[in-house]
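Subject: Structure handover

Hi,

Here is the structure for you to look over. My notes on it follow below.

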Amino acid sequence: MELRPLDEVVDVGALLETQRRREADAPLIKQISEALPADGLSHTELVDLVAKKHDRPRQLVREVVNRYCSDNIDAANSLWIESRVQPGTLHQAKPLLAEPWASRPPA
């Protein structure tokens with residue numbers, strides 16, 4: 001077995017914090033995902049819908065949506081993608097990896 005240094009530094013503490021936060025956000029992530037239709041929904045409409053339906057503070061829902069939203073489909077932490085065709089419209093992301101540290105499925 002040959003060992004070599006990685007091309008980049010891995011911040012294990014940050015990875016563990018990301019995992020902890022994702023676990024804490026899991027119930028709200030589920031509620032947001034269930035509220036987001038296949039054809040997408042505007043950011044504001046989604047936040048308002050989830051906050052009202054599940055009696056959650058709008059600010060908390062907005063923070064979680066923003067934490068896991070990106071306009072970059074390759075972002076490892078993205079659960080929702082902001083449309084570039086219709087800016088402000090969110091869609092479910094289909095990332096290859098559920099967690100940034102998970103291994104890729106065999107091809």
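A salt bridge here is a side-chain nitrogen of Lys or Arg within 4 Å of a carboxyl oxygen of Asp or Glu. By that test, R20 and E17 are paired, with N and O 2.5 Å apart. Keep in mind that this is a predicted model.

**Salt bridges**

The structure has five of them. I will go through three, starting with the pair just named.

R20 and E17 both sit in helix α1, three residues apart, so about one helical turn separates them. Neither description of their surroundings is extreme: R20 is partly exposed, at 45% relative accessible area. E17 is partly exposed as well, at 34%.

K30 and E34 form another salt bridge. Their closest N and O atoms are 3.7 Å apart. These two are also in α1, and because they are four residues apart, about one helical turn lies between them. K30 counts as exposed, with 54% relative accessibility. E34 is exposed too, at 56%.

The third pair is D25 with R67, where the closest N and O atoms are 2.6 Å apart. This bridge ties together distant parts of the chain: D25 belongs to helix α1 and R67 to helix α3, with their positions 42 residues apart. Is D25 buried or exposed? It is buried, since its relative accessible area is 10% and the cut-off for buried is under 20%. R67, on the other side of the bridge, is partly exposed at 28%.

As general background, side chains of opposite charge can pair when their charged atoms come close.

**Overall layout**

The chain contains three helices and four strands. Reading from the N terminus, the order is α-β-α-α-β-β-β. There are 107 residues, and 28% of them are buried. Of the contacts with a separation of 6 or more, 42% are between residues 24 or more positions apart. The exposed area of the chain is about 7700 Å². Carbon and sulfur atoms supply 55% of that area.

**The core**

How many residues are in the largest nonpolar core? It has 16. The residues with the most contacts inside it are I32, L46, V50, V61, V64 and W80. Helices α1, α2 and α3 each give this core at least two residues.

Helix α3 covers residues 58-67, and its buried residues are V61, V64 and V65. Viewed down the axis of α3, the buried residues fall within an arc of 100°, so they line one face of the helix.

V61 is worth a closer look. Setting aside neighbours within four places in sequence, V61 touches L28, I32, V47, V50, A51 and R56. Two of these partners, I32 and V50, are also listed with V61 among the core residues with the most contacts.

**The loop between α2 and α3**

Helix α2 spans 43-53, and D55 lies in the loop that joins α2 to α3. Which sign does the phi of D55 have? The value is positive, near 50°, in a residue other than glycine. In general, most residues other than glycine have a negative phi. D55 is exposed, with a relative accessible area of 70%.

H54 is found in the loop between α2 and α3 too. H54 is partly exposed, at 27% relative accessible area. The C-alpha atoms of H54 and L28 are 9.0 Å apart, although 26 residues separate the two along the chain. L28 also appears above, as one of the contacts of V61.

**A nonpolar patch on the surface**

L6, V10, V12 and L16 make a nonpolar surface patch of about 400 Å². V10 comes from the segment before α1, and α1 itself runs over 12-35. How can V10 count towards a patch? Patch residues need over 30% relative accessible area, and V10 is partly exposed, with 44%.

**In brief**

Three points to take away:

- The D25–R67 salt bridge links helix α1 with helix α3.
- The largest nonpolar core has 16 residues, and α1, α2 and α3 each supply at least two of them.
- D55 has a positive phi and lies in the loop between α2 and α3.

Best wishes

Terms used: Residues are numbered from 1 along each chain as its sequence is written. This is a predicted model: local features need pLDDT of at least 70, side-chain atom pairs count only at pLDDT 80 or more; totals for chains, interfaces and linings use all residues. Side-chain values use heavy atoms; hydrogens and water are left out. Patches are made of residues with over 30% relative accessible area and no salt bridge: like charges are joined within 9 Å, nonpolar side chains (Val, Leu, Ile, Met, Phe, Trp, Tyr) within 5 Å. Accessible areas come from the Shrake-Rupley method with a 1.4 Å probe; for residues, only the protein chains shown count as cover. Buried means under 20% relative accessible area, exposed over 50%, partly exposed in between (1.4 Å probe, protein chains only). The arc is that of the directions from the helix axis to the C-beta atoms. A nonpolar core is a set of buried Ala, Val, Leu, Ile, Met, Phe, Trp, Tyr and Cys residues joined through side-chain atoms within 4.5 Å. Contact means heavy atoms within 4.5 Å.
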